[in-house]
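Please look over the sequence and the model shown here before reading the notes that follow. They are written for someone meeting this kind of description early in their studies.

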Amino acid sequence: MNRYLYSGPVEEFGRCIANRWEAATYAPTESKARSNFAYQFKKQYNRLPSAKITLPGKITVLKGESA
């Protein structure tokens, strides 16, 4: 499993709600990592599960790191 890092803006329903948010996760694919980051943001900022959270910034992968 790879470790993914995110540092960038967060949008909710297309509107920027955070200019720079940082997080890290372990995931098998980049799409799963993006999903994990959205979940982390919702939990951290008490958003509803149905909130449309998008991360338009770049996700960095650190290959070879194990959980």
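The notes below go through the strands and their hairpin, the aromatic residues, the nonpolar core, one polar contact and a second loop. The structure is a predicted model, and the statements about it should be read with that in mind. Two strands, S1 and S2, run antiparallel and are joined by 10 bridges, while the largest nonpolar core has 15 residues, with S1, S2 and H1 as the elements that give two or more residues to this core.

**The hairpin of S1 and S2**

- Strand S1 covers residues 2–12 and strand S2 covers residues 15–27, with Phe-13 found in the loop between them.
- The hairpin has two residues between its strands, and in this hairpin Phe-13 takes a positive phi near 55°, although Phe-13 is not a glycine.
- Is Phe-13 buried or exposed? Its relative accessibility is 59%, and because the cut-off for exposed is over 50%, Phe-13 counts as exposed.
- Further along the paired strands, Ser-7 stands opposite Glu-22 in S2.

**Aromatic pairs and their cluster**

- The count of aromatic pairs comes to four, and one of them is the edge-to-face pair of Trp-21 and Phe-41, whose ring centres are 5.2 Å apart and whose planes stand at 90° to each other.
- This pair links distant parts of the chain, since Trp-21 is in strand S2 and Phe-41 is in helix H1, 20 residues apart, and both Trp-21 and Phe-41 are buried.
- Phe-41 also pairs with Tyr-45, and here the ring centres are 4.7 Å apart with the planes at 35°, so the pair is tilted.
- The two partners in this tilted pair are described by separate values, for Phe-41 is buried with a relative accessible area of 2%, whereas Tyr-45 is partly exposed with a relative accessible area of 41%.
- One aromatic cluster is formed by Tyr-6, Trp-21, Phe-37, Phe-41 and Tyr-45.

**The nonpolar core and the surroundings of Trp-21**

- In soluble globular proteins, nonpolar side chains tend to be buried together.
- Which residues have the most contacts inside the largest nonpolar core? They are Val-10, Trp-21 and Phe-37.
- Leaving out residues up to four places away in sequence, Trp-21 touches a set of residues that includes Tyr-6, Val-10, Phe-37, Phe-41, Tyr-45 and Leu-55.
- The residues touched by Trp-21 also include Ser-7, Gly-8, Gln-40 and Gln-44.

**Thr-25 and its polar contact**

- Thr-25 has its place in strand S2, and with a relative accessible area of 10% Thr-25 is buried, because the cut-off for buried is under 20%.
- The side chains of Thr-25 and Asn-36 are joined by a polar contact of 3.3 Å.
- When its neighbours within four places in sequence are left aside, Thr-25 is in contact with Asn-2, Arg-3, Tyr-4, Ala-33, Asn-36, Phe-37 and Gln-40.

**The loop after helix H1**

- Helix H1 covers residues 30–44 and strand S3 covers residues 53–54, and Asn-46 lies in the loop between them.
- Asn-46 has a positive phi of about 55° although Asn-46 is not a glycine, and with a relative accessible area of 71% this residue is exposed.

Definitions and conventions
Residues are numbered from 1 along each chain as its sequence is written. This is a predicted model: local features need pLDDT of at least 70, side-chain atom pairs count only at pLDDT 80 or more; totals for chains, interfaces and linings use all residues. Side-chain values use heavy atoms; hydrogens and water are left out. Helices (H or I, at least four residues) and strands (E, at least two) are DSSP runs, numbered from the N terminus. Buried means under 20% relative accessible area, exposed over 50%, partly exposed in between (1.4 Å probe, protein chains only). Rings of Phe, Tyr and Trp (its six-membered ring) pair if their centres lie within 6.5 Å; planes under 30 degrees apart count as stacked, over 60 as edge-to-face and the rest as tilted. A nonpolar core is a set of buried Ala, Val, Leu, Ile, Met, Phe, Trp, Tyr and Cys residues joined through side-chain atoms within 4.5 Å. Contact means heavy atoms within 4.5 Å. A polar contact is a pair of N or O atoms within 3.5 Å; within protein, one must be able to donate a hydrogen and the other to accept it, and residues adjacent in sequence count only if both atoms are side-chain atoms. Two strands pair if DSSP finds at least two bridges between them.
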